[in-house]
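These entries record what I looked up in the structure, in the order in which I looked it up. I open with a single tryptophan and proceed from there to the rest of the chain.

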Amino acid sequence: MSGDAAGLVQLTEVPDLGGLYRRAIGLALRRRVNRRAVPPTLPDVRHGVTGVRVDLADLTRFQQFLGSAVLDRVPSAYLHTIAFPVAMSVLARPDFPLPLLGLVHLSNEVHQDRQVGASELLDVVAWSEDLRPHAAGTRFDLVTEISVGGQRVWCGRSVYLARGTRLETVRSRPAAGDRPAFVPPVRTGVWRLDAATGRHYAAVSGDWNPIHLSGPSARALGMKGAIAHGMYLAARMVDEAVPAPTGALSWRIDFAAPVLLPGTVTTAFLAVPGGLDGGGLDGGGADGGGAAGGRTDVVGWDAKRRRPHFTGWVRAE
């Protein structure tokens with residue numbers, strides 16, 4: 001890799017996620033031994049890779065796994081998958097103050113200016129920002145942009161939580177507050193996820209985080225068992241809401257209770273006509289049309305325990 005005065009670290013290729021996770025384990029062990037105080041600021045640096053090609057075989061496997069149409073356009077969630085290792089390389093830096101392993105994924109919001117062809121060359125840049133307190137620890141944003149020919153075509157913002165981590169200068173923390181009781185909307189579908197869902201999604205996305213692969217590997221990192229990838233849930237949400245987008249696309253997903261594997265997610269896709277920004281979960285039709293200029297609100301929940309797994313929305317333009 002190489003850097004410049006503007007804070008851009010130019011990577012020679014898209015990093016290997018497996019290598020990044022191994023580096024994160026090594027950093028965690030060294031921090032436990034040395035017990036050094038970590039800096040209470042995020043590194044002022046961006047990581048970038050230019051000229052990234054879409055692997056057509058990998059893209060086809062991703063589309064087939066989701067059961068979506070095999071097209072020559074790159075799904076919005078797959079663009080996240082392509083850029084994800086670059087973003088993770090920021091979190092695996094020795095000067096990043098929070099541990100990569102064990103981070104809790106709180107939300108994702110994506111704004112895509114146009115559809116991206118599978119043959120286009122992609123430039124990816126990622127950075128972290130906005131370190132701030134959370135009732136359960138410390139959170140921050142991880143921002144990723146994808147450009148084609150110097151024009152930005154896709155931007156994603158992920159929010160992560162380091163549970164139980166209190167940085168020295170972050171003394172005040174927001175109160176947890178009482179959450180309103182969850183009232184399930186009208187069901188429109190059910191997703192049944194088997195025990196191998198995490199391994200299958202890892203195989204098509206490259207994200208081999210141990211918390212998704214098996215019960216033992218997840219429990220070693222403090223989880224009750226293996227859980228579904230958040231981006232797998234997001235990919236299914238976007239694909240079901242707008243199966244074949246033709247123009248700009250925006251979407252957001254907020255995660256609540258994780259989906260333990262094997263598991264069942266009850267879903268509701270509810271159309272909000274006219275591209276309204278307000279919620280549409282207490283009324284309207286039961287079909288998630290995703291028509292241009294309209295929005296589809298989505299909820300996924302545990303029907304037995306009556307608790308949400310995620311809420312979100314998708315808007316095609």
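**Entry 1. Tryptophan 208.** I began with the accessibility of tryptophan 208 in this predicted model. Its relative accessible area is 41%, so tryptophan 208 counts as partly exposed. I then located the residue: tryptophan 208 sits in the loop that joins α4 (197–205) to α5 (215–219). Next I listed its contacts, setting aside neighbours within four places in sequence. Tryptophan 208 touches Tyr21, Arg199, Ala202, Ala203 and Leu213. I also noted an approach from far along the chain: the C-alpha atoms of tryptophan 208 and glycine 18 lie 6.7 Å apart, although 190 residues separate the two in sequence.

**Entry 2. Helix α4.** As Ala202 is among the contacts of tryptophan 208, I turned to the helix itself. Which residues of α4 are buried? I found Thr197, Gly198, Tyr201, Ala202, Val204 and Ser205. In a general note to myself, I recorded that an α-helix has 3.6 residues a turn, so residues three or four places apart point the same way. The buried residues of α4 pack against α2, α3, β8 (189–193) and α6. Directly after α4 comes glycine 206, with a positive phi near 85 degrees.

**Entry 3. Aromatic residues.** I searched the whole structure for aromatic pairs and obtained nine. I examined one of them, phenylalanine 62 with tyrosine 78: the ring centres are 4.8 Å apart and the planes make an angle of 55 degrees, a tilted arrangement. This pair links distant parts of the chain, since phenylalanine 62 belongs to helix α2 and tyrosine 78 to helix α3, 16 residues apart. Are the two partners buried or exposed? Phenylalanine 62 has 1% relative accessibility and is therefore classed as buried. Tyrosine 78, at 5%, is likewise buried, because the limit is 20%. I then extended the search to clusters, and found Phe62, Phe65, Tyr78, Tyr201 and Tyr232 together in one aromatic cluster. Tyr201 of this cluster is also one of the buried residues of α4.

**Entry 4. Cavities.** How many cavities of 30 Å³ or more does the structure hold? The search returned three. The largest has a volume of about 220 Å³. It is lined by 19 residues, of which Pro75, Ser76, Asp239, Pro243 and Pro245 are the closest to its centre. The elements giving two or more residues to that lining are α2 (56–66), α3 (76–91) and α6 (230–241). I sorted this lining by class and counted 13 nonpolar, four polar and two charged residues.

The second largest cavity encloses about 60 Å³. Its lining includes His80, Phe84, Leu142, Trp154, Arg157 and Tyr160. At least two lining residues come from each of α3, β6 (137–148) and β7 (151–163), and β7 contributes the most, with five. By class, I recorded six nonpolar, four polar and one charged.

**Entry 5. Backbone geometry.** I checked the backbone for unusual angles. The peptide bond between leucine 261 and proline 262 is cis, with omega near -5 degrees. Proline 262 is placed in the loop between β9 and β10 (263–272). Two residues other than glycine drew my attention by a positive phi. Aspartate 130, in strand β5 (residues 122–134), has phi near 60 degrees. With a relative accessible area of 45%, aspartate 130 is partly exposed. For arginine 306, phi is about 55 degrees; this residue lies in the loop between β11 (295–302) and β12 (307–316).

**Entry 6. Confidence.** I closed with the confidence of the prediction. The protein chain has an average pLDDT of 86, and 84% of its residues score at least 70. Among its elements, strand β9 (residues 249–255) has the highest mean pLDDT, 98, and strand β1 (residues 2–3) the lowest, 52. The pLDDT falls below 50 over residues 33–37, a stretch with three contacts in the model beyond near neighbours in sequence. Residues 275–289 also stay under 50, and here the model has 36 contacts beyond four places in sequence. I added a general caution: where pLDDT is low, the predicted coordinates should not be read in detail.

Notes:
Residues numbered from 1 in each chain as written. Predicted model: local features only at pLDDT ≥ 70, side-chain atom pairs only at ≥ 80, totals over all residues. Heavy atoms only, no water. 1 Å grid on protein atoms, 1.4 Å probe; cavity = no way out; pocket = protein on both sides within 12 Å on 5 of 7 lines; lining within 4 Å. Points joined across faces, edges and corners; volume = space filled by probe spheres on them. Helix = DSSP H or I, 4+ residues; strand = E, 2+ residues; numbered from the N terminus. Nonpolar A, V, L, I, M, F, W, Y, C, P; charged D, E, K, R; others polar. pLDDT = per-residue confidence, 0-100. Contact = heavy atoms within 4.5 Å. Phe/Tyr/Trp six-rings, centres within 6.5 Å; stacked < 30°, edge-to-face > 60°. Buried < 20%, exposed > 50% of the residue type's maximum accessible area, 1.4 Å probe, protein only.
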